[in-house]
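Got the viewer open? Set it to cartoon, keep the selection box handy, and we'll walk through the fold one stop at a time.

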Amino acid sequence: MLVLLAGGGGTAAVLLTHSRSAPTATRPPTSAAPSTSLAPAPAATGVDYADPDKYWSARVDGTPTNHTAPQATPVGQVPYLYAEFVGPGIDQVVGVLVFSPGTGFDAQKGLQGIADSSGGTVVSSSAATFQGYPSLQGVINLAGDYLKVQLVHTGNLAYIMGTAGAVNPPSDFDRFIATVHLTPH
């Protein structure tokens with residue numbers, strides 16, 4: 001299961017706990033290296049999904065599982081709402097951190113925090129835009145698998161969207177991200 005949690009303010013950090021339940025990969029939570037890599041993602045018709053809090057919608061390769069996790073941050077407890085779909089060769093996630101108005105979010109520190117907390121290494125990062133919002137895209141090597149994420153901060157929300165896979169970048173990232181629609185409110 002791919003879980004992304006983050007903190008806000010000038011010292012933002014993101015924690016990634018990475019393990020897969022897909023039958024094509026074996027990665028126990030305590031293992032540093034997978035015994036097999038994910039196969040390329042199959043073409044899928046997908047499921048049109050809108051998160052229950054109406055912060056985003058996307059076409060996901062299967063019905064995602066919703067999660068809510070309070071996250072301790074430098075600015076106090078922050079709600080982290082995310083949905084993830086894990087299937088054979090597929091791991092897709094969109095998460096939203098809900099900060100108090102006016103709270104900053106350092107996407108570069110967030111990306112590095114994901115890598116540090118997962119035992120991975122940032123392979124690349126670049127400034128980008130996503131639906132008109134400034135963002136950061138990054139790829140993290142997770143002992144042979146790769147996680148590509150896009151971090152977007154708008155208003156009091158920080159979005160963390162990504163996919164994981166055996167190739168750099170994960171083969172379904174562009175297709176998945178192209179279907180994500182942010183609806184900050």
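Is Thr 65 buried, exposed or partly exposed? Select it and turn on the surface. This is a predicted model, and in it Thr 65 has a relative accessible area of 44%. Buried would need under 20% and exposed over 50%, so Thr 65 counts as partly exposed.

While you're there, colour strand S5, residues 65-73, since Thr 65 sits in that strand. Now show what Thr 65 touches: setting aside neighbours within four places in sequence, the contacts are Tyr 82, Ala 83 and Glu 84. For a distance label, pick the C-alpha atoms of Thr 65 and Val 93; they are 9.5 Å apart in space and 28 residues apart along the chain.

**Zoom out**

Take in the whole chain next. You should be able to find two helices and 12 strands, strung along the sequence as β-β-β-β-β-β-β-α-β-β-β-β-α-β. Of the 185 residues, 50% are buried. The surface adds up to about 7,700 Å², with carbon and sulfur atoms supplying 57% of that. If you like contact maps, here's one for you: of the contacts between residues at least 6 apart in sequence, 51% link residues at least 24 apart.

**First hairpin: S6 and S7**

Ala 83 has already come up as a contact of Thr 65, and it's a good handle for the next stop. Select 76-87 for S6 and 90-98 for S7. The two run antiparallel and are joined by eight bridges, with Ala 83 partnered by Val 94 in S7. Two residues lie between the strands, and at this hairpin Gly 89 has a positive phi near 75°.

**On to H1**

Follow the chain out of S7 into the loop that leads to helix H1 (107-118), and stop at Thr 103. What is its side chain reaching for? The backbone oxygen of Ser 100, at 2.8 Å. Thr 103 has a relative accessible area of 12%, so it counts as buried.

At the start of H1, show Asp 106 as sticks: one of its side-chain oxygens comes to within 3.1 Å of the backbone nitrogen of Gln 108. Then label the C-alpha atoms at the two ends of the helix. They are 17 Å apart, which agrees with the 16 Å expected for 12 residues at 1.5 Å a residue. To see the buried part of H1, select Ala 107, Gly 110, Leu 111, Gly 113, Ile 114 and Ala 115. After H1 comes Gly 119, where phi is positive, near 75°.

**Two more hairpins**

Next, select 121-130 (S8) and 133-142 (S9), an antiparallel pair with nine bridges. Thr 121 is bridged to Asn 141 in S9. With two residues between the strands, the S8-S9 hairpin has Gln 131 at a positive phi near 50°.

Add S10, residues 145-154, which pairs antiparallel with S9 over eight bridges. Here Gly 138 is partnered by Val 149 in S10. This hairpin also has two residues between its strands, and Ala 143 has a positive phi near 55°.

**A three-strand sheet**

Now hide those and bring up the open antiparallel sheet with strand order S3-S4-S12. S3 (47-50) and S12 (181-182) are the edges, each pairing on one side only. Between S3 and S4 there are four bridges, and Asp 48 is partnered by Arg 59 in S4.

**Last stop: the cores**

Which residues touch the most other members of the largest nonpolar core? Select Tyr 55, Trp 56, Tyr 159, Met 161, Val 180 and Leu 182; the core has 22 residues in total. S4, S6, S7, S11 (157-165) and helix H2 (173-179) each supply at least two of its residues, with S7 giving the most, at four.

Centre on Val 180. Beyond residues up to four places away in sequence, it touches Ser 57, Ala 58, Val 94, Phe 130, Gln 131 and Met 161. Two of those names are from earlier stops: Val 94 is the bridge partner of Ala 83, and Gln 131 is in the S8-S9 hairpin.

Finally, there is a second, separate core of 20 residues, including Ala 107, Ala 115, Leu 147 and Ile 160. Ala 107 and Ala 115 are also among the buried residues of H1.

Conventions. Residues numbered from 1 in each chain as written. Predicted model: local features only at pLDDT ≥ 70, side-chain atom pairs only at ≥ 80, totals over all residues. Heavy atoms only, no water. Core = buried A, V, L, I, M, F, W, Y, C linked by side-chain atoms within 4.5 Å. Buried < 20%, exposed > 50% of the residue type's maximum accessible area, 1.4 Å probe, protein only. Contact = heavy atoms within 4.5 Å. Pairing = 2+ DSSP bridges. Areas by Shrake-Rupley, 256 points an atom, 1.4 Å probe, with all protein chains shown as cover. Polar contact = N/O pair within 3.5 Å; in protein donor to acceptor, adjacent residues only side chain to side chain. Expected span 1.5 Å × (residues − 1).
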